[in-house]
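Me: Hey, I've just opened this one and don't know my way around yet. Can you walk me through it?

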Amino acid sequence: MPKKAATKKEVPTTPKGMHDVLPADMAYVNLITKESKRVAEFYGFGHIETPHLEKTDLFLRPLGDTSEVVEKQMYSLRTRGGDRLTLRPEGTAPLMRAYYQNGMASWPQPVKLFYAGSFYRHESPQALRFREFRQVGVEAIGDDDAINDALVIRTLVSSLQVFGVKEITVNINSLGDKTCRPGYHKELVNYYKKHEEKICRDCRRRVKENPLRLLDCKEEACAALVGNAPQMVDHLCEECKKHFSEVIEFLDEMQTPYFLDSHLARGFDYYTRTIFEIFENDTEDKTALGAGGRYDDLGELMGAKKVPAVGGALGVERIINVLKKKGIKPRADAKPRIFLIQLGPEARKKSLTLMEELRKIGVPVAQSLSRDSLRSQLNIVNKLEIPVAIILGQKEALDGTVGLRNMETGVQETLSFDKFIGTIKARLKEFS
RNA sequence: GUGGGUGUAGCUUAGCGGUAAAGCGUCUCUCUGUGGCAGAGAAGAUCGCGGGUUCGAAUCCCGUCACUCACCCCA
């Protein structure tokens, strides 16, 4: 018995949490990557690209105890040769890897790098959280001076402003370092243990697993306790305190709006000192557009020499969301202002040469060469809102002329085919 | 992993027990080489899937899957 065939035509679809980016949205993606690269390069960050796949260990080792959680969220695979590889879940570890592998320690420090690309996390998708997402980011590796922290933040903020996101706040905090954080941790845990019966179930778990997260619990009972909870800023060692106040000072100097948020936390151990999240003020969304921090211990956790570093990244999808809400539209680059209409076999062939010549002088031209009726081609010109049409028909092909029609006024000029390119060149402003 | 919402043409939706409808979009023609309008027409859906109730299910019930939102988490 043959199995009953699937009754419905199964259309292939993307994996959960992953999406096609259609041309209309790619205009946003391109705007963001192009402009952020330009800004980053101004501040001295060089563009780098690392593989989408890395050895799984690269991400496991630095994350230590929590690796089980981490591993669940990673797209990992085993190659035929038996290598264990993982689709990069973030950009920082790969960049540190690149730093060591390419001997960047011998470059002038800090090494400043910019990257843009897709990252992958296998988690439940929800609003603006996808399994494949795009980030643009910068990292300054090899120097512990607080001015690098400020510069990283400034670079990200400047990028956002260039996109048109003007009203920005940077929430900033310091997590201390190996000298002062353990003491603070202990105090925080003690404080919450005293109130154990009042806090929510999740927080009881957090006391053991992830104490810093206690500070941003939204449960009423827990939030009420936060006010009197010990704060990291009060427990920073001298060095960390100095570092933090310098970062703030530099931000003041650059007039970067910030908010000292003592509840800001990061789950993972390799963050030290500065951490920050960037928010947009106007729209109601409370999701961060970007985040980052200092990670002086990451290199060591990766099993290499200790190298201080600081970095941060912006979420492309989140920025697009804000731009759309604010009604900011990217200018489609190279949107043609001329449409090439051809009529009849001779003209169609000739139009191919014409198109190439226009390309050589850098004039974008649209066409629908598979059409043969003038009417339908003019309809397309309208739909695309292109202001000028070149008409190259059977008659023109014989006469050696070309029609140039202004779609708004309906006025049509006749130009000689030979002089056509010259004329276009002379009137370039009209057409590109 | 937990909970809520939603699944009807490419898109937006109507129908809510009698066996699929509209708008937009696409294509064709009216109009063989001069557009935006209008008219006519075509293509496109076994109403997510499976089962149940019923003479009859897109419609009611159960299950399931997908999407989505929230929680958890967020390197």
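Reply: Sure. The crossing of helices H1 and H11 is right-handed. Keep in mind that this is a predicted model.

Me: Which residues make that contact between H1 and H11?

Reply: From H1 you have Asp25, Tyr28, Val29 and Ile32, and from H11 there are Val316, Ile319, Ile320 and Leu323. By class, that contact has seven nonpolar residues, one charged and no polar ones.

Me: What angle do the axes of H1 and H11 cross at?

Reply: Roughly 110°, with the axes coming within 10 Å. H1 covers residues 23-42 and H11 covers 316-325. An angle from 65 to 115 degrees counts as roughly perpendicular, so H1 is roughly perpendicular to H11.

Me: OK, zooming out. How is chain A divided into domains?

Reply: Domain 1 takes in 23-180 plus 236-325, and domain 2 is 338-431. Their centres, taken over C-alpha atoms, are 48 Å apart.

Me: Back to helices for a second. How do H5 and H9 cross?

Reply: Their axes come within 8 Å and cross at roughly 45°. H5 is residues 146-163 and H9 is residues 238-253. That angle makes H5 oblique to H9. The crossing of H5 and H9 is right-handed.

Me: And which residues of H5 and H9 make the contact?

Reply: On H5 they are Ala146, Ile147, Asp149, Ala150 and Ile153. H9 brings His243, Glu246, Val247, Phe250 and Leu251. Sorted by class, the contact of H5 with H9 has seven nonpolar residues, one polar and two charged.

Me: Switching to sheets. What's the strand order in the three-stranded one?

Reply: The order is S2-S4-S3, in an open sheet with antiparallel pairing. S2 (53-55) and S3 (76-78) are at the edges with a single partner strand each, so each has one side without a neighbour in the sheet. From one strand to the next, the twist averages 35°.

Me: How many bridges does S2 have with S4?

Reply: Three, in the antiparallel sense, with S4 being residues 84-87. Among the partners, Glu54 is bridged to Thr86 in S4, and Leu53 to Leu87 in S4.

Me: What about S3 and S4, how do they pair?

Reply: Antiparallel as well, over three bridges. Arg78 stands opposite Arg84 in S4. S3 and S4 form a hairpin with five residues between them, and Gly82 in the turn has a positive phi of about 95°.

Me: Then what's the order in the five-stranded sheet?

Reply: That one is open too, in the order S13-S12-S14-S15-S16, and its pairing is mixed. S13 (365-367) and S16 (412-416) are the edge strands, each with a single partner strand, so one side of each has no neighbour in the sheet. The twist there averages 30° from one strand to the next.

Me: Are S12 and S13 parallel or antiparallel?

Reply: Parallel, over three bridges, with S12 running through residues 338-342. One of the links is Leu340, whose bridge partner in S13 is Gln367.

Me: Which helices pack on that sheet?

Reply: H13 (residues 374-384) lies across S12, S13 and S14 (388-392), and runs at about 170° to S12. H15 (residues 417-426) packs on the sheet as well, touching S15 (401-406) and S16. The direction of H15 makes about 115° with that of S16.

Definitions and conventions:
Residues are numbered from 1 along each chain as its sequence is written. Chains are lettered from A and ligands numbered from 1 in the order in which they are written. This is a predicted model: local features need pLDDT of at least 70, side-chain atom pairs count only at pLDDT 80 or more; totals for chains, interfaces and linings use all residues. Axes are lines fitted to C-alpha atoms, for helices over the stretch in contact, and angles run from 0 to 180 degrees between N-to-C directions. Helices (H or I, at least four residues) and strands (E, at least two) are DSSP runs, numbered from the N terminus. Angles under 35 degrees count as roughly parallel, over 145 as roughly antiparallel, 65 to 115 as roughly perpendicular and the rest as oblique. A crossing is left-handed if the near helix is turned anticlockwise from the far one by less than a right angle, and right-handed if clockwise. Two residues are in contact if their C-beta atoms, placed from the backbone, lie within 7 Å. Ala, Val, Leu, Ile, Met, Phe, Trp, Tyr, Cys and Pro count as nonpolar, Asp, Glu, Lys and Arg as charged, and the others, Gly among them, as polar. Domain bounds come from an automatic or database domain assignment. Two strands pair if DSSP finds at least two bridges between them.
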